[in-house]
Amino acid sequence: MSVKITESVTWVGKVDWELRKFHGEEYSTHRGSSYNSYLIKDKKIVLIDTVWEPFADEFVNNLAEEVPLENIDFIVANHGEIDHSGALPKLMEYIPDKPIYCTANAVKSLRGQYHKDWNFKVVKTGDTVNIGSKNLIFIEAPMLHWPDSMFTYMDGENILFSNDAFGQHYATELLYNDLVDQSELFQEAIKYYANILTPFSKLVVRKIEEFKSLNLPLDMICTSHGVVWRKNPMQIVEKYLQWANDYHENQITIIYDTMWGGTRKMAEAIARGISEEDKSVVVKLFNIARSDVNDVITEVFKSKAILIGSATINRGVLGAIAGFMELVKGLGFKNKKASQFGTYGWSGESTKVLKAYLEASGFEVVHEGILKLWSPEGKDLADCKEFGRDFAAKVK
Ligand code: FEO
């Protein structure tokens with residue numbers, strides 16, 4: 001399948017409705033994804049990125065129906081990750097000498113993965129290639145989200161080929177941002193930002209400011225996952241600026257792991273206390289052992305504060321919450337408040353361990369937390385409710 005999206009650009013990617021896990025098992029994709037590749041036909045014929053390796057044959061066959069492969073003048077590899085470069089080895093079997101324009105770091109990542117000495121043409125920010133009636137201008141975007149990432153801007157039709165940036169893992173046959181369900185689109189966009197781009201927020205702001213300072217007109221953003229932003233493409237750029245700026249909503253998220261239900265009872269009592277203290281705050285609870293971690297990361301991203309809880313086991317905490325906090329630590333959330341709660345039968349280390357996780361993850365721990373013996377009832381649950389009230393007041 002191909003879709004002509006402008007006079008000179010045709011979408012030649014792959015919509016992957018079946019994908020449910022991405023980055024190995026690291027990222028859940030409830031709504032599938034797409035690997036967007038674009039063919040530009042001007043005096044020169046240029047291919048921007050390819051697709052994931054399992055679809056390489058399908059991609060190359062489809063591409064050959066659009067253009068005789070030998071007529072492709074060069075390829076632009078905006079990023080070396082396998083979901084965009086995976087079909088390169090297959091394609092290069094047909095056109096082994098054609099140049100591949102990419103960053104110096106992409107030469108390393110492509111060579112490192114495919115061990116081929118293709119005809120790389122290294123480009124830097126500001127380098128421009130004339131393709132006939134238009135120019136391609138390259139803009140390096142290191143660590144958005146790999147060292148090799150770059151954007152390619154095409155004048156004339158004013159299109160930014162942004163690769164991963166502004167993308168979403170979202171399969172659709174409708175292709176354009178204005179045609180799809182807006183709540184689904186923005187839910188997938190914020191999940192993508194929260195789980196992939198949070199650690200690089202400072203760079204996101206700098207890169208957007210740099211792009212704005214170039215004063216290049218922008219009619220369309222062609223990402224490499226999900227929709228093409230053709231209607232008000234700046235809306236997703238403005239969203240990124242908001243999300244990159246220590247984003248939060250009026251939400252408190254409670255995340256816990258429970259062995260026999262005692263920590264769950266605490267979580268529920270704490271939630272009641274929060275809601276009594278602050279009638280406007282959104283409170284959400286997740287048993288992390290039964291939840292999708294990427295969805296919960298998105299909820300943490302949206303939260304002004306979080307509470308984490310666990311039963312004590314072997315002088316530590318339960319495995320699911322420990323694994324989750326490792327993920328949280330790596331993302332480096334900023335400007336969020338937190339505290340901890342837990343249960344124990346004898347030694348009682350869970351809240352100490354959780355507090356250490358929160359501090360190591362950059363949260364401001366604003367309350368000493370609460371620890372209860374065995375399965376709390378009566379006065380103990382009233383204490384939890386009071387803790388919830390106190391916590392809500394501190395983060396109001
Ligand atoms: Fe970083 Fe979509 O690959």
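These legends accompany an overview and several close-up views of a predicted model.

**Figure 1. The whole chain and its two domains.**
The model is predicted. The protein chain has 396 residues, and 58% of them count as buried. Its secondary structure comprises twelve helices and 24 strands. Along the principal axes, the C-alpha atoms fill a box of roughly 80 × 40 × 35 Å. The chain divides into domain 1 (3-243) and domain 2 (252-391). The C-alpha centres of domain 1 and domain 2 are 39 Å apart. Twelve residues of domain 1 and eleven residues of domain 2 make up the contact. Among contacts in the chain with a separation of 6 or more, 72% join residues 24 or more positions apart.

**Figure 2. Surface and charge.**
The protein chain exposes about 16,400 Å². Carbon and sulfur atoms supply 50% of that area. The chain carries 45 positive and 54 negative charges. The mean positions of these two sets of charges lie 5 Å apart.

**Figure 3. The largest nonpolar core.**
This core holds 89 residues. Leu63, Ile75, Phe166, Ile236, Tyr240, Trp243 and Phe324 have the most contacts inside it. Helix α5 (residues 182-197) gives the core its largest share, nine residues. Domain 1 (3-243) and domain 2 (252-391) each contribute at least three residues to this core. Apart from it lies another core, of 26 residues. Val15, Tyr38, Phe138 and Met220 are among the residues of that other core. In soluble globular proteins, nonpolar side chains tend to be buried together.

**Figure 4. Close-up of Ile75.**
Ile75 is one of the residues with the most contacts inside the largest nonpolar core. Neighbours up to four places away in sequence are not counted here. Beyond them, Ile75 touches Leu47, Leu88, Leu91, Met92 and Ile95. Ile75 also touches Pro99, Ile100 and Tyr101.

**Figure 5. Close-up of Tyr193 in helix α5.**
Tyr193 is found in helix α5. Its relative accessible area is 0%, so Tyr193 is buried. Residues up to four places away in sequence are left out of its contact list. That list includes Tyr240 and Trp243, both among the residues with the most contacts inside the largest nonpolar core. Tyr193 also touches Thr198, Ser201, Val204, Ala244 and Phe301. Ala165 is 28 residues from Tyr193 along the chain, and their C-alpha atoms are separated by 8.6 Å.

**Figure 6. Close-up of Val60 in helix α1.**
Val60 sits in helix α1 (residues 56-66). Val60 counts as buried because its relative accessibility is 2%, under the 20% cut-off. Leaving aside neighbours within four places in sequence, Val60 is in contact with Leu69, Ala87, Lys90, Leu91 and Tyr94. Leu91 is also touched by Ile75. Cys102 is 42 residues from Val60 along the chain, and the two C-alpha atoms are separated by 20 Å.

**Figure 7. Close-up of Ser224 and Asp49.**
Ser224 lies in the loop between β16 (220-223) and β17 (228-229). Ser224 has a relative accessible area of 2%, so this loop residue is buried. Not counting residues up to four places away in sequence, Ser224 touches Ser34, Tyr35, Asn36, Asp49, His84, Asn163 and Asp164. Asp49, one of these partners, lies in the loop between β8 (45-48) and α1. Asp49 is also buried, with a relative accessible area of 3%. Phi of Asp49 is near 60 degrees, a positive value in a residue other than glycine.

**Figure 8. Close-up of Asn215.**
Asn215 is in the loop between α6 (201-213) and β16. Asn215 counts as exposed because its relative accessibility is 66%, over the 50% cut-off. Phi of Asn215 is near 55 degrees, a positive value in a residue other than glycine. Most residues other than glycine have a negative phi.

**Figure 9. Close-up of the peptide bond from Leu144 to His145.**
This peptide bond is cis, with omega near 5 degrees. His145 is in the loop between β13 (135-140) and β14 (150-154). Most peptide bonds are trans.

Methods. Residues are numbered from 1 along each chain as its sequence is written. This is a predicted model: local features need pLDDT of at least 70, side-chain atom pairs count only at pLDDT 80 or more; totals for chains, interfaces and linings use all residues. Side-chain values use heavy atoms; hydrogens and water are left out. A nonpolar core is a set of buried Ala, Val, Leu, Ile, Met, Phe, Trp, Tyr and Cys residues joined through side-chain atoms within 4.5 Å. Buried means under 20% relative accessible area, exposed over 50%, partly exposed in between (1.4 Å probe, protein chains only). Helices (H or I, at least four residues) and strands (E, at least two) are DSSP runs, numbered from the N terminus. Domain bounds come from an automatic or database domain assignment. Contact means heavy atoms within 4.5 Å. Accessible areas come from the Shrake-Rupley method with a 1.4 Å probe; for residues, only the protein chains shown count as cover. Lys and Arg count as positive and Asp and Glu as negative; His and the chain ends are not counted. The place of a charge is taken as NZ of Lys, CZ of Arg, CG of Asp or CD of Glu.
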